[in-house]
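Here are some notes for a colleague who is meeting this structure for the first time. Please read them with the model open, and check each point against the coordinates as you go.

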Amino acid sequence: MSAHAQSSTPPLAHKVLVIGHRGASALRPEHTLASYAKAIEDGADFIEPDLVSTKDGALVARHENEIGGTTDVASHPEFAARRATKTIDGVSVTGWFTEDFTLDELKTLRARERLPEIRKENARYDGQFQLVTFDEIIDFVAAESAARGRVVGIIPEIKHSTYFIGLGLPMEDKVLATIDAHTYTRTAPVEIQSFEVGNLRYLRGKLGKSHPNVTLLQLIEAPASHPADEPGLTYATMMSPAGLKTVATYADAIGPATRSIIPLNADGSLGKPTALVRDAHAAGLLVHPYTFRPENHFLAKDFRSTAGDAARNDAGSIAEIRAYLAAGIDAFFTDDPALGRKALDR
């Protein structure tokens, strides 16, 4: 068990960390080296690769294993027959899936902007960047760290763990083996995250005391939903004081949605903080909410400008982040790390 999990008192005051959500995904197509580079340039303390598996067991960075919306796979006639409908964690999804491609095949694809209607500037980078592996990301971050003279952490998320285990493509041991295979990640901060529970418990057992630089983050979705591997356990239960104490037996931090910390009022404006941060700290857990985004579309009503739904609103995003900082969060995911730094650097 980690030091955080052993503690029954709130963590001491410390530096709040900025996490580049899929890199700097408000400014570059997500999960590309360009996005990670921009995040590091703009001051991110951590960059986040979401990890899925290829057919031949390689770990690649994509937000989902369905890649129709984030790559140019639809324009490759040689892959047209691989379009399929699958059930992923209880949800029917149609498209192209990483587990149906070898790494070499995925390397022939190029990344595309996931939200082109909101992030039109990002769409101009469509077709420029390859899909990248976890190994390549670690090498890249190590090089950036050496060039800039500062350590940059990596916070990988294992996506759809139970689903991939069912395909015979488990990722947990591969993630640990990849971390162990690189000098950089044997000492730099690494935080492994998941919306599921079983894989984090498994990783806690595997990590023991041999990886003091590796911590675990329990991600939390909407209160009424549940982890894919524990249908009888709601996230609401996990966020209760008793539930948080249970999470603290295997994880170091929780990653709730921002609105679980400060919900919206009926009119869409920002309400009052819940007890979640206080309760998590009392259980010895840090709190790393997701995700702050700079466009009006994603902001609480009282932080929006009149420039239109898709317009960037730097001042509004900074103000919203500061409201959450006042609630006592310990780190936060943002699509625009430069704004996260400005929110912190008053």
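**Notes on selected residues and helix contacts**

1. Leaving aside its neighbours within four places in sequence, histidine 63 is in contact with Arg22, Glu30, His31, Asp50 and Lys159. This and everything below should be read with the reminder that the model is a predicted one. Histidine 63 itself sits in the loop that runs between β4 (59-61) and β5 (84-88). With one of its partners, aspartate 50, the histidine shares a polar contact of 3.1 Å between side chains. Another partner, lysine 159, lies 96 residues apart from histidine 63 along the chain, yet the C-alpha atoms of the two are separated by 7.9 Å.

2. Histidine 31, which appears among the contacts of histidine 63, deserves a look at its backbone, since phi is positive there, at about 55°, although the residue is not a glycine. Histidine 31 belongs to the loop between β1 and α2, and its relative accessible area of 0% is under the 20% limit, so the residue counts as buried. A second positive phi in a residue other than glycine, near 50°, is found at aspartate 89, in the loop between β5 and β6 (91-95). Is aspartate 89 buried or partly exposed? Its relative accessibility is 35%, and aspartate 89 therefore counts as partly exposed.

3. Helix α2 (residues 33-41) has Ala34, Ser35, Tyr36, Lys38, Ala39 and Ile40 as buried residues. These buried residues pack against β1 (17-20), β2 (46-47), β4, α5 and α14 (337-344). Just after the helix, glycine 43 takes a positive phi of about 100°.

4. How do α2 and α5 lie relative to each other, roughly parallel or roughly antiparallel? Their axes come within 11 Å and cross at roughly 30°, and because angles under 35 degrees count as roughly parallel, the two helices are described as roughly parallel to each other. The crossing of α2 and α5 is right-handed. On the α2 side the contact is made by Leu33, Tyr36, Ala37, Ile40 and Glu41, and on the α5 side by Ile137, Phe140, Val141, Glu144 and Arg148. By class, the residues of this contact divide into seven nonpolar, no polar and three charged.

5. Helix α5 also meets helix α7 (residues 172-181), where the axes come within 10 Å and cross at roughly 30°. These two helices, too, are therefore roughly parallel to each other, and the crossing of α5 and α7 is right-handed. The contact is made by Phe134, Asp135 and Ile138 of α5, together with Val175, Thr178 and Ile179 of α7. The residues in this contact of α5 with α7 comprise four nonpolar, one polar and one charged.

6. Serine 145 is found in α5 (residues 134-148), and it counts as buried because its relative accessibility is 9%. Its contacts, once neighbours within four places in sequence are left aside, are Arg150, Val151, Val152 and Tyr184. The serine side chain reaches the backbone oxygen of arginine 150 at 2.7 Å, while the C-alpha atoms of serine 145 and tyrosine 184, 39 residues apart along the chain, are separated by 9.3 Å.

7. Serine 161 is found in helix α6 (residues 161-166), and with a relative accessible area of 3% this serine is buried. Apart from neighbours within four places in sequence, serine 161 is in contact with Glu172, Glu196 and Asn199.

8. Which side chains make polar contacts with the side chain of aspartate 335? One is that of histidine 21, at 2.7 Å, and another is that of arginine 293, at 2.8 Å. Aspartate 335 has its place in the loop between β13 (331-334) and α14 and counts as buried, because its relative accessibility is 1%. Not counting residues up to four places away in sequence, aspartate 335 touches His21, Ala24, Ser25, Ala26, Arg119, Thr291, Phe292, Arg293 and Pro294.

9. Threonine 291, one of the residues touched by aspartate 335, lies 44 residues apart from it along the chain, with a C-alpha separation of 7.1 Å. The place of threonine 291 is in the loop between β12 (286-287) and α13 (314-326). The peptide bond that joins tyrosine 290 and threonine 291 is cis, with omega about -15°.

Terms used. Residues are numbered from 1 along each chain as its sequence is written. This is a predicted model: local features need pLDDT of at least 70, side-chain atom pairs count only at pLDDT 80 or more; totals for chains, interfaces and linings use all residues. Side-chain values use heavy atoms; hydrogens and water are left out. Helices (H or I, at least four residues) and strands (E, at least two) are DSSP runs, numbered from the N terminus. Buried means under 20% relative accessible area, exposed over 50%, partly exposed in between (1.4 Å probe, protein chains only). Contact means heavy atoms within 4.5 Å. A polar contact is a pair of N or O atoms within 3.5 Å; within protein, one must be able to donate a hydrogen and the other to accept it, and residues adjacent in sequence count only if both atoms are side-chain atoms. Axes are lines fitted to C-alpha atoms, for helices over the stretch in contact, and angles run from 0 to 180 degrees between N-to-C directions. Angles under 35 degrees count as roughly parallel, over 145 as roughly antiparallel, 65 to 115 as roughly perpendicular and the rest as oblique. A crossing is left-handed if the near helix is turned anticlockwise from the far one by less than a right angle, and right-handed if clockwise. Ala, Val, Leu, Ile, Met, Phe, Trp, Tyr, Cys and Pro count as nonpolar, Asp, Glu, Lys and Arg as charged, and the others, Gly among them, as polar.
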